[in-house]
Amino acid sequence: MLSTPLSSLLWLALLISLLSFFSTTVPFFTGAHWVPTPVSTVRRMLRLANVQPGETVYDLGSGDGRVLFIAAREFGARAAGVEIDPLKYLWTRAMIALLGLGDRVTVHRANFFDVDLGEADVVTLYLLPKANARLLPKFERELKPGARVVAHAFALPAWPVAAEEKNVKVYCLPPQ
């Protein structure tokens with residue numbers, strides 16, 4: 001018979017294993033597995049998008065929140081992340097509190113296909129080409145005129161590039 005402390009440790013190990021499995025497999029099938037964007041690239045993305053103080057930046061697949069934190073702290077923007085992975089979501093929530101950014105940064109634990117982007121002035125993403133293509137109708141339906149989409153590494157098909165530098169492309173929502 002297992003003692004209570006050992007039994008508790010086994011249950012905790014099982015829970016951590018399940019969360020870890022969920023964290024690595026589900027995001028892969030919904031858009032992309034997590035590969036952190038270098039901080040220098042995040043700054044390039046936000047600079048090329050011409051993020052202004054008070055604008056709202058959405059980061060789809062926000063991972064550890066680095067885009068959110070830089071948008072808020074260095075560009076004066078409000079920032080909202082969308083992250084399906086529960087561990088990265090919890091990490092980002094903890095960092096928001098630790099950095100004192102609760103008045104300017106939020107994170108939603110959700111599939112980004114299910115989140116309304118109507119408030120976004122800028123949307124950042126580092127997703128696989130298939131996910132980018134699936135997002136185009138959503139962008140056209142939900143984003144307001146003049147909104148910018150910034151893609152790291154993988155282009156948005158069929159939209160003209162408004163600005164480009166190295167592996168970052170900025171797109172403006174086509175007129176309606």
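These exercises work through the fold of a predicted model, each with its solution.

**Exercise 1. Establish the element count and the order of elements in the protein.**

Step 1. Count the elements. The protein has five helices and seven strands.

Step 2. Read them from the N terminus. The run is α-α-β-α-β-α-β-β-α-β-β-β.

Step 3. Add the overall figures. Of the 176 residues in the protein, 45% are buried. Take the contacts between residues at least 6 apart in sequence: 64% of them join residues at least 24 apart.

**Exercise 2. Lay out the sheet and explain which strands stand at the edges.**

Step 1. Write the strand order. The seven strands form an open sheet, β3-β2-β1-β4-β5-β7-β6. Its pairing is mixed.

Step 2. Find the edges. β3 (105–109) and β6 each have a single partner strand, so one side of each lacks a neighbour in the sheet.

Step 3. Gauge the turn between strands. Ignoring direction, neighbouring strands are turned by 20° against each other on average.

**Exercise 3. Trace the pairings of β1 and place L60 between its partners.**

Step 1. Take the pairing with β4. β1 and β4 run parallel and are joined by four bridges.

Step 2. Take the pairing with β2. This is also parallel, over five bridges.

Step 3. Place L60. In β4 the residue opposite L60 is L125. In β2 the residue opposite L60 is V82.

Step 4. Check the surroundings of β2. In β2 (residues 78–83), five of the six residues are buried, so the strand is largely enclosed by the rest of the structure.

**Exercise 4. Decide how α3 and α4 are oriented to each other, and describe their contact.**

Step 1. Recall what is needed. Two packed helices are described by the angle and the distance between their axes.

Step 2. Read both values. The axes of α3 and α4 (residues 86–99) come within 11 Å and cross at roughly 20°.

Step 3. Apply the cut-off. Angles under 35 degrees count as roughly parallel. The two helices, α3 and α4, are therefore roughly parallel to each other.

Step 4. Assign the hand. The crossing of α3 past α4 is right-handed.

Step 5. List the contact residues. α3 supplies L68, F69 and R73. α4 supplies T92, M95, I96 and L99.

Step 6. Sort them. Five are nonpolar, one is polar and one is charged.

**Exercise 5. Identify the buried residues of α2 and the elements they pack against.**

Step 1. Pick out the buried positions. In α2 (residues 39–48) these are T41, V42, R44, M45, L46 and L48.

Step 2. Find their strand partners. The buried residues pack against β1 (56–60), β4 (122–125), β5 (148–152), β6 (161–165) and β7 (168–172).

Step 3. Add the helix. α3 (66–75) is a further packing partner of these residues.

Step 4. Look just past the helix end. N50 takes a positive phi of about 55° there.

**Exercise 6. Place α5 on the sheet and determine whether N132 is buried or exposed.**

Step 1. Place the helix. α5 (residues 129–142) lies across β1, β4 and β5. Its angle to β4 is about 170°.

Step 2. Locate the residue. N132 belongs to helix α5.

Step 3. Apply the cut-off. Buried means under 20% relative accessible area. N132 has a relative accessible area of 0%, so N132 is buried.

Step 4. Name the neighbours. Leaving out residues up to four places away in sequence, N132 touches L125, L127, F154, A155 and L156. One of these, L125, stands opposite L60 in the pairing of Exercise 3.

Notes. Residues are numbered from 1 along each chain as its sequence is written. This is a predicted model: local features need pLDDT of at least 70, side-chain atom pairs count only at pLDDT 80 or more; totals for chains, interfaces and linings use all residues. Side-chain values use heavy atoms; hydrogens and water are left out. Buried means under 20% relative accessible area, exposed over 50%, partly exposed in between (1.4 Å probe, protein chains only). Contact means heavy atoms within 4.5 Å. Two strands pair if DSSP finds at least two bridges between them. Axes are lines fitted to C-alpha atoms, for helices over the stretch in contact, and angles run from 0 to 180 degrees between N-to-C directions. Angles under 35 degrees count as roughly parallel, over 145 as roughly antiparallel, 65 to 115 as roughly perpendicular and the rest as oblique. A crossing is left-handed if the near helix is turned anticlockwise from the far one by less than a right angle, and right-handed if clockwise. Ala, Val, Leu, Ile, Met, Phe, Trp, Tyr, Cys and Pro count as nonpolar, Asp, Glu, Lys and Arg as charged, and the others, Gly among them, as polar.
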